[in-house]
Amino acid sequence: MENRPCHLPAPFIEAQHPEKGKGFKAAAKGRRGVTAAVECEGVLTLVMTLRLHVPDQPIWSEQR
């Protein structure tokens, strides 16, 4: 899933860099990483079957 911008990191950024936390959400839009959800923990082996769900993602480019 795309890690969509949120306001939750803002207070922590603000504590270290005053006046910068409030701009985090806008600055992070389109620049966040990819997240994953794990249905159950364990070790994968070569003989196991894995199901992968890939939701809508932006087109990733090395030219940013």
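Among contacts in the protein chain between residues at least 6 apart in sequence, what percentage join residues at least 24 apart? In this predicted model, the share is 59%.

**Overall composition**

The protein chain has 64 residues, of which 9% are buried. Its secondary structure consists of 2 helices and 0 strands. About 6,400 Å² of the protein chain is exposed, and 59% of that area is supplied by carbon and sulfur atoms.

**Salt bridges**

A search of the whole structure yields 2 salt bridges. They are listed below with the separation of their closest N and O atoms.

| Acidic residue | Basic residue | Closest N and O atoms |
|---|---|---|
| Glutamate 19 | Lysine 22 | 2.9 Å |
| Glutamate 39 | Arginine 51 | 3.6 Å |

The salt bridge between glutamate 39 and arginine 51 links distant parts of the chain, its two residues being 12 residues apart. Glutamate 39 and arginine 51 both lie in the segment after helix 2. Glutamate 39 counts as exposed because its relative accessibility is 74%, over the 50% cut-off. Arginine 51 likewise counts as exposed, because its relative accessibility is 71%. In the other pair, glutamate 19 and lysine 22 are both exposed.

**Nonpolar surface**

Where does the model show a nonpolar surface patch, and which residues make it? Leu44, Leu46, Val47, Met48 and Leu50 form such a patch, with an area of about 660 Å². One of these residues, methionine 48, belongs to the segment after helix 2, a helix that spans 24-28. The relative accessible area of methionine 48 is 45%, so this residue is classed as partly exposed. That value lies between the limits of 20% for buried and 50% for exposed residues.

**Leucine 8 and phenylalanine 24**

Leucine 8 is located in the segment before helix 1, which covers residues 10-16. With a relative accessible area of 56%, leucine 8 is exposed, because the value is over 50%. How far apart are leucine 8 and phenylalanine 24 in sequence and in space? They are separated by 16 residues in sequence, and their C-alpha atoms are 9.4 Å apart.

**Summary**

The predicted model thus presents a protein chain with 2 helices and 0 strands, in which buried residues make up 9% of the total. Its side chains include the salt-bridged pair glutamate 39 and arginine 51, as well as a nonpolar surface patch that includes Met48.

Notes:
Residues are numbered from 1 along each chain as its sequence is written. This is a predicted model: local features need pLDDT of at least 70, side-chain atom pairs count only at pLDDT 80 or more; totals for chains, interfaces and linings use all residues. Side-chain values use heavy atoms; hydrogens and water are left out. Patches are made of residues with over 30% relative accessible area and no salt bridge: like charges are joined within 9 Å, nonpolar side chains (Val, Leu, Ile, Met, Phe, Trp, Tyr) within 5 Å. Accessible areas come from the Shrake-Rupley method with a 1.4 Å probe; for residues, only the protein chains shown count as cover. A salt bridge is a side-chain nitrogen of Lys or Arg within 4 Å of a carboxyl oxygen of Asp or Glu. Helices (H or I, at least four residues) and strands (E, at least two) are DSSP runs, numbered from the N terminus. Buried means under 20% relative accessible area, exposed over 50%, partly exposed in between (1.4 Å probe, protein chains only). Contact means heavy atoms within 4.5 Å.
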